[in-house]
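Visitor: I would like to go through this model with you, one point at a time. Please keep the answers short.

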Amino acid sequence: MYKTGDLARYRPDGNIEFLGRADHQVKIRGFRIELGEIEAALGQHPAVREAVVLAREDAPTDPSTLLRAEKRLVAYVVADSTADELRRFLKDKLPEYMVPAVVVLLEALPVTPNGKVDRRALPAPDRSRPELEKAFVAPRDDLELQLAQIWEEVLGIRPVGVTDNFFELGGHSLLAVRLFSLIEKRLGKKLPLTAIFQGATVEHLAGLLRQQAMPGPQSSLVPLQPGGSKRPLFLVHPAGGHVFPYIHLAQLLGSDQPCYGLQARGLEDGQDSHTRIEDMAAWYLQALQTVQPTGPYLLGGWSMGGVVAFEMAQQLHAQGQRVALLALLDGRIPTPDETFPEEDAEAVLLVERYFGISFGPMESLAELPKDQQLAFMLEQAKSAGLVPAELDVSQARRFVELLRSDLRATQNYGLRLYPGRITFFKASETLAGTSPDPTMGWNEWASGGVEVHVVPGNHANLMYEPHVEVLAEKLTACLNQAQTAKAKENGAAGKIDP
């Protein structure tokens with residue numbers, strides 16, 4: 001036997017399915033992707049005769065905006081079909097991050113003298129607007145024109161119509177961060193990044209900007225992946241209030257699994273933050289019931305978010321509603337002996353203890369001016385994915401204050417016996433001071449028992465690549481079980497799925 005470099009898999013019937021080359025693995029936006037898997041999926045379309053997928057970086061970095069060009073997936077296809085139809089076909093078969101941003105239709109693929117596909121000879125995709133089902137609608141006023149030009153700059157596509165969908169044009173969450181940063185810089189107006197999930201068109205954002213603010217009271221509900229036919233999953237923010245750590249997880253759960261994040265009050269101007277877990281839970285229940293009025297419900301949360309989800313399940317039970325899944329993602333039992341320092345340099349200890357991040361010697365940080373302390377902490381929090389990348393130093397203090405407030409609320413929360421079952425996802429790598437109990441103490445507070453699923457990583461990084469892939473796989477299995485079978489009334493506490 002020898003290694004050929006070919007990538008294949010055994011089918012259930014014993015046949016071997018060829019998927020492409022094993023040496024064509026790339027990394028896009030933190031995801032490891034086998035290009036052969038995308039090529040194999042394209043090959044399943046009856047109109048496709050040949051297909052090759054590349055990761056390209058054609059656009060240069062723009063020094064005026066500091067927008068670094070990044071790789072994107074480009075599919076080259078010989079087919080009797082349209083590019084838009086092929087992208088829709090792939091969306092039904094692959095997770096969002098594996099769907100090529102651009103599909104280039106060719107008469108034939110270029111080949112080398114020995115008959116193999118000449119990948120170097122594949123042309124750079126043009127920057128024109130792809131074929132979409134919706135007709136092109138040109139900007140109708142100066143604001144829509146300015147927004148469309150910003151979209152064209154970020155997406156590298158021209159022209160952009162006011163009703164075109166940002167994500168259908170190849171946009172994703174990281175590009176959305178850049179988009180909103182440019183809107184603030186060019187137009188002097190700031191919108192919450194969650195607006196792109198509520199309406200991903202120039203027309204929608206222009207309407208919001210004309211009003212100078214988001215209309216009406218702000219909902220905590222953030223549609224991370226609202227499409228799909230299954231019952232929605234609701235994930236509560238960790239300490240600090242943001243739901244951005246869930247973006248990759250929501251994508252990996254698949255296009256048929258709706259997923260919503262619940263972000264904290266107090267993130268936006270003019271909002272007062274909650275100081276009690278019970279109040280947070282009641283507020284989030286009001287928000288999620290605008291999408292799903294009655295149960296059974298699927299709830300979850302990472303870290304402190306698991307504690308809030310636990311209280312939400314308690315309140316739903318008191319209302320006579322059923323919770324089909326309560327998923328705690330490495331959430332700790334609140335302890336009453338924690339302290340909450342007021343100085344920013346000392347607040348680093350909170351972040352280190354709660355998220356498992358090391359900032360280095362505190363003495364050197366304490367010597368920095370306060371604004372620099374915040375800047376340093378902010379960059380570390382961004383690197384860990386705790387806050388969105390567009391957050392600046394002027395907003396950092398709000399994050400620190402919200403972090404303190406959230407941790408105080410957790411400390412003051414009084415646990416009560418939950419008349420149901422907890423599904424606990426435990427990080428395989430334990431941090432200092434972590435309980436050796438596989439249920440982290442939750443088995444004492446769930447009359448239906450605790451089912452433990454061990455996932456790779458530690459408390460700080462289990463939500464990120466590469467560990468989130470396993471977490472998504474195990475969570476998907478639990479979601480499917482909860483939606484296809486009646487919830488078990490009783491179970492053995494501490495049952496472990498390695």
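Visitor: How many helices and strands does the protein have?
Guide: This is a predicted model. Counting its secondary structure elements gives 14 helices and 15 strands.

Visitor: Which helix gives the most to the largest nonpolar core?
Guide: The largest nonpolar core has 54 residues, and those with the most contacts inside it include Val77, Tyr246 and Leu475. With 7 residues, the element that gives the most to this core is helix H14, residues 467-484.

Visitor: Which residues does Met463 touch, leaving out those up to four places away in sequence?
Guide: Met463 is among the residues with the most contacts inside the largest core. Leaving out those sequence neighbours, the residues it touches are Pro245, Tyr246, Leu249, Trp302, Leu329, Val468 and Leu471.

Visitor: How many residues are in the other core, the one with Val236 and Trp442?
Guide: That core lies apart from the largest one. Leu262 and Val308 are also among its members, and its size is 42 residues.

Visitor: Is Cys259 buried or exposed?
Guide: The cut-off for buried is under 20% relative accessible area. Cys259 has a relative accessible area of 0%, so Cys259 is buried.

Visitor: What is the relative accessible area of Cys478, and how many disulfides does the structure hold?
Guide: Cys478 is also buried, with a relative accessible area of 6%. A disulfide is a covalent bond between the sulfur atoms of two cysteines. In this structure the number of disulfides is 0.

Visitor: What share of the 498 residues is buried?
Guide: In general, nonpolar side chains tend to be buried together in soluble globular proteins. Across the 498 residues of this protein, the buried share is 53%.

Note on methods. Residues numbered from 1 in each chain as written. Predicted model: local features only at pLDDT ≥ 70, side-chain atom pairs only at ≥ 80, totals over all residues. Heavy atoms only, no water. Core = buried A, V, L, I, M, F, W, Y, C linked by side-chain atoms within 4.5 Å. Buried < 20%, exposed > 50% of the residue type's maximum accessible area, 1.4 Å probe, protein only. Helix = DSSP H or I, 4+ residues; strand = E, 2+ residues; numbered from the N terminus. Contact = heavy atoms within 4.5 Å. Disulfide = S-S within 2.5 Å.
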